[in-house]
Structures are given as structure tokens and as C-alpha cells.
Amino acid sequence: MVPVGRRIDELRGEVAGHLGARRRIRQWIAIGFVLGLLIGAGVAAGAAALYWPEKDKPLKMMMREREIPVKAAPVLSGQTTFTAQGLTCGIEWITGTHAEHFAKGRLCRVKISIANNSLATVQVANLEQRLVLSDGTQLGMDLESMEIKRQLREFTLGASDTLVEDLWFDLPKNTTPTALLLRTNAEAPQGRADLPQKDWSKR
């Protein structure tokens, strides 16, 4: 027969072993949880760095069919920064959800980003934007195209917000755009963004 004292010591050792094993399991679970959080945070930070635009830098967008990039410097108008990003001209007609529209001459679409650099909202009046043609004419937007494509004539841009939109113009035939004149509203200064030159009659 095993002495009682020896048996008690054996039982005490077994209990201590079980408790130690459980403690180690809890420690490994805690370590795994922390590592999971760190890995998740790293993945989230990487995704944010890839997809979230850096402050004071224009949003980078993919070019659409026939669209060419605009490399003009950003235009500062008051507390708002305009950046022309893409240009597509020579468009004969467009369609929307409930309507289609044929150009009187040829439609031209300019993709821009608008960034509010202030900590307050700002009123943006797109009706102030002008397209400069090769003959020096300053052309206002084609309102029917803007309506069909659901682009805003005027809107409120939130503090530190950035919006990407299209401006539509209907150009007379045999004319080409040379620049875009941009301003936040009638009270803000106007700036010029030069546009790339291309023969839009060729596809």
C-alpha cells in the first residue's frame, strides 16, 4: 500500500501540472489574440494607405475609354483646390437613365476633383466653370448633359471633403478645348488649368 503522505504529494503534483497546463493554454490564447489584433491592424493600415488619399493630394482615378489624363497644376480658389484629371471630347451623344441627348456640335467631358481645404463647409457653384476654346471663346457648361449624367450645378462641400465629378460642355464643331477656368463660386478667384491637345476627330 502506498503511504498516504506520498499519495498526497503525487496528487498535489498532478493538480499543479494540470493548473500549469491550463495557465500555459491561457497564455498562448492571449498571445494568439494579441497577434491577431496586430496582424489585423497591419492589414487595415496597409489597405488605408493604398486606398485612402493622402491629405492635399488629388484622388487618383482610372481613365475611362478614350479619356486622356490632364497633367495641369491644381487650381486654388479660396479654400478650395480644383484638379483636372481626365479629358474626353468628340462625343456625339450620351444616354442616361431616362433620356438621351445629342450634341449640337461635339460633347466634351472634363473629370475634376474638388477638395475643401478648410474646417467649414463651402458652397460650390459649377455654373461658374468655363471651357476655353481654341478661338479664345469661353464656353459655359451644357446643362442638359449635366442633368442627364446627374452632375450637380451647385452643392455644399463638407469640411476637409473631396468630390470627384464630370463637367460637360457642348463644343461647336471644328473647335478644340485649350483650358479650363475654375472657381469655387462667384466671390472666389478664378484659376486656369491647361488641357492636353488632341485631334478628337480620330478614334
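Mentor: Before we start, contact here means heavy atoms within 4.5 Å. This is a predicted model, so local features need pLDDT of at least 70 and side-chain atom pairs count only at pLDDT 80 or more, while totals for chains, interfaces and linings use all residues. Residues are numbered from 1 along each chain as its sequence is written, and side-chain values use heavy atoms, leaving out hydrogens and water.

Trainee: Leaving aside neighbours within four places in sequence, which residues is Leu180 in contact with?

Mentor: Skip those neighbours and you get a list that includes Val110, Arg130 and Gly191. The rest of it is Ile112, Leu131, Leu167, Phe169, Arg192, Ala193 and Leu195.

Trainee: How many residues does the largest nonpolar core have?

Mentor: A nonpolar core is a set of buried (under 20% relative accessible area, 1.4 Å probe, protein chains only) Ala, Val, Leu, Ile, Met, Phe, Trp, Tyr and Cys residues joined through side-chain atoms within 4.5 Å. Leu87, Leu180 and Phe169 are among those with the most contacts inside the largest one. Its size is 35 residues.

Trainee: Which strands stand at the edges of the open four-stranded sheet?

Mentor: Strands are DSSP E runs of at least two residues, numbered from the N terminus, and two of them pair if DSSP finds at least two bridges between them. The order is β7-β6-β10-β11, with antiparallel pairing. Each edge strand has a single partner, so one side is left without a neighbour in the sheet; they are β7 (138-139) and β11 (191-194).

Trainee: Which residue in β10 stands opposite Arg130?

Mentor: β6 and β10 run antiparallel and are joined by four bridges. Opposite Arg130 stands Leu181.

Terms used: Buried < 20%, exposed > 50% of the residue type's maximum accessible area, 1.4 Å probe, protein only.
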